[in-house]
Amino acid sequence: MRELLFTPRFDRLFRSLPKDIRERAYEKLALYLQDPAHPSLSVKRAKGSPGIWEISVTRSIRITFHVEGERVLLRRIGTHEVLRRP
């Protein structure tokens, strides 16, 4: 079973988001654990960053992560700006 791990940067960025966005992110992460290929997640590789992936939380909010075996390390969360340095 996969395990989600918040990196310190992700945790800091996550806590700074509005409550409704945090709740939406929790929903998307739970869905990712159930079905990583679910279409509503729009999971894809982050351009120019080998091994880094992204999930769509909303139209403008993304989560970046990388996978180490069964561990999913959540790297950053925020607007498309996070994709410049995922």
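Strand 3 (residues 53-56) pairs with strand 4 in the antiparallel sense, over 4 bridges. This pairing belongs to a predicted model. A hairpin of 5 residues links strand 3 to strand 4. Across the pair, I55 stands opposite I63 of strand 4.

Strand 4 also pairs with strand 5. The two run antiparallel and are joined by 7 bridges. They form a hairpin with 2 residues between them. In this turn, G69 has a positive phi of about 65°. V67 stands opposite V72 in strand 5. Strand 4 thus has pairing partners in strand 3 and in strand 5. Strand 4 is mostly covered, with 5 of its 7 residues buried.

The wider fold can be read along the sequence. The chain contains 2 helices and 5 strands. Their order follows the pattern β-α-α-β-β-β-β. Both helices therefore precede a run of four strands in this pattern, as the DSSP runs are numbered from the N terminus.

The interior was examined next. The largest nonpolar core holds 18 residues. Within this core, I55, I63, L74 and I77 touch the most other members. Helix 1 (8-15), helix 2 (19-34), strand 4 (62-68) and strand 5 (71-78) each supply at least two of the core residues. Helix 2 gives the largest share, 5 residues. Two of the residues that touch the most other members, I55 and I63, are also the pair that stand opposite each other between strand 3 and strand 4. In soluble globular proteins, nonpolar side chains tend to be buried together.

L74 illustrates how the core is connected. Residues up to four places away in sequence were not counted. Beyond them, L74 touches L4, L5, F6, T7 and F10. L74 also touches L29. Its remaining contacts are I63, T64 and F65, and these three positions fall within strand 4 (62-68).

Values for the whole chain complete the description. The radius of gyration is 12 Å, which agrees with the value near 12 Å that a compact globule of 86 residues would have. The C-alpha atoms fill a box of roughly 30 × 25 × 25 Å along the principal axes. Buried residues account for 40% of the 86 residues. Among contacts between residues at least 6 apart in sequence, 38% join residues at least 24 apart. The accessible surface of the chain is about 5500 Å². Carbon and sulfur atoms contribute 51% of this surface.

Definitions and conventions
Residues are numbered from 1 along each chain as its sequence is written. This is a predicted model: local features need pLDDT of at least 70, side-chain atom pairs count only at pLDDT 80 or more; totals for chains, interfaces and linings use all residues. Side-chain values use heavy atoms; hydrogens and water are left out. A nonpolar core is a set of buried Ala, Val, Leu, Ile, Met, Phe, Trp, Tyr and Cys residues joined through side-chain atoms within 4.5 Å. Buried means under 20% relative accessible area, exposed over 50%, partly exposed in between (1.4 Å probe, protein chains only). Contact means heavy atoms within 4.5 Å. Two strands pair if DSSP finds at least two bridges between them. The radius of gyration is taken over C-alpha atoms; the globule rule is 2.2 Å times the number of residues to the power 0.38. Accessible areas come from the Shrake-Rupley method with a 1.4 Å probe; for residues, only the protein chains shown count as cover.
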